[in-house]
Amino acid sequence: MLEVKDLVVSYGAVEAVRGVTLTAVPGAITAIVGANGAGKSSLLRAITGLAPVRAGQVLLDGQDVTRVPASKRAGLGLAHAMEGRRIFRHLSVEENLRLAWQFGRRRNQWGEALDRVFLTFPILKEKRRSQAGLLSGGQQQMLIVSAATICEPSYLLLDEPSLGLAPIVVREIYHFFTDRCRENGTTVLLAEQMAAMALNVSAHGYVLRQGQVVREGPSAELVNSGLIAALSSAYL
Ligand SMILES: Nc1ncnc2c1ncn2[C@@H]1O[C@H](COP(=O)(O)OP(=O)(O)OP(=O)(O)O)[C@@H](O)[C@H]1O
Ligand SMILES: [Mg+2]
């Protein structure tokens, strides 16, 4: 179980998350949608221990991990695919995967884990010795989601996996993590500006605005409520 209670994240005077309470649906995808600057990334970063939490709690399987260092949270089965394609650009594709595998809570053998990635994304096999920074945007995103899932985490945080990608690549990435998560029973928090896509694959959704939850409910209900149209018009 992954829960957040009354969470407040602030960067000096800027309060990015203002009292958010949520529960990720176990073994399913929970969407966090909202416009630019709504606080989605700050919320996910606070869950992994990378953003300054001023108040509230992050609970993993009932354990309060709010003050546990980020480096230790991976060992508790938490993985985070960050926004903005964070990879080690000068290391090869295979070295990036290897590092992710070494730092996580390993439940599988390295060779097996690598074969699995290469089977899903053959292009990564072809480019296994290339510098990660030389991959295309879509290939980098494939590498990021592969690195985040290579240890079969219990909890996976995905921050805008669709950002800046062609629709066909987005579909491929979405298929990948929905399949992997269904297979492994992973609990996923998916932050997206693209509300339609995120609500389509999730069981439950939360809408953030200016750091607060303004709506929540089963994703199908949110879709039928006209929320997507309301959110998209808010971007225009
Ligand atoms: N490191 C930081 N220092 C200061 N302010 C920050 C920092 N990171 C984020 N903020 C501010 O916190 C607020 C929430 O930002 P955040 O990145 O969490 O939103 P978001 O929903 O992920 O947006 P986007 O959809 O653009 O990724 C914004 O006002 C942003 O400017
Ligand atoms: Mg963000």
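**Exercise 1.** Which secondary-structure elements each supply at least two residues of the shell around ligand 1?

*Solution.* The model under examination is predicted. Begin with the residues around ligand 1, of which there are 13. Those that come nearest are Tyr11, Ala16, Lys40, Ser41 and Ser42. Next, assign the shell to elements: β2 (14-23) and α1 (40-48) each supply at least two residues. Finally, weigh the contributions: α1 gives three residues, the largest share of the shell.

**Exercise 2.** Determine how the shell around ligand 1 divides by residue class.

*Solution.* Sorting the shell by class yields seven polar residues, four nonpolar residues and two charged residues.

**Exercise 3.** Locate aspartate 6, characterise its phi, and decide whether the residue is buried or exposed.

*Solution.* First, the position: aspartate 6 belongs to strand β1, which covers residues 2-11. Second, the backbone: most residues other than glycine have a negative phi. Aspartate 6, although not a glycine, has a positive phi of about 45°. Third, the surroundings: 11 other C-beta atoms lie within 10 Å of the C-beta atom of aspartate 6. A residue is exposed if this count is 12 or fewer; aspartate 6 is therefore exposed.

**Exercise 4.** Carry out the corresponding analysis for glutamate 160.

*Solution.* First, the position: glutamate 160 is in the loop that lies between β7 (155-159) and α7 (167-184). Second, the backbone: the phi of glutamate 160 is positive, near 50°, and this residue is not a glycine. Third, the surroundings: glutamate 160 has 22 C-beta neighbours inside 10 Å. The threshold for a buried residue is 20 or more, so glutamate 160 counts as buried.

Definitions and conventions:
Residues are numbered from 1 along each chain as its sequence is written. Chains are lettered from A and ligands numbered from 1 in the order in which they are written. This is a predicted model: local features need pLDDT of at least 70, side-chain atom pairs count only at pLDDT 80 or more; totals for chains, interfaces and linings use all residues. Helices (H or I, at least four residues) and strands (E, at least two) are DSSP runs, numbered from the N terminus. A residue is near a molecule or strand if its C-beta atom, placed from the backbone, lies within 6 Å of it. Ala, Val, Leu, Ile, Met, Phe, Trp, Tyr, Cys and Pro count as nonpolar, Asp, Glu, Lys and Arg as charged, and the others, Gly among them, as polar.
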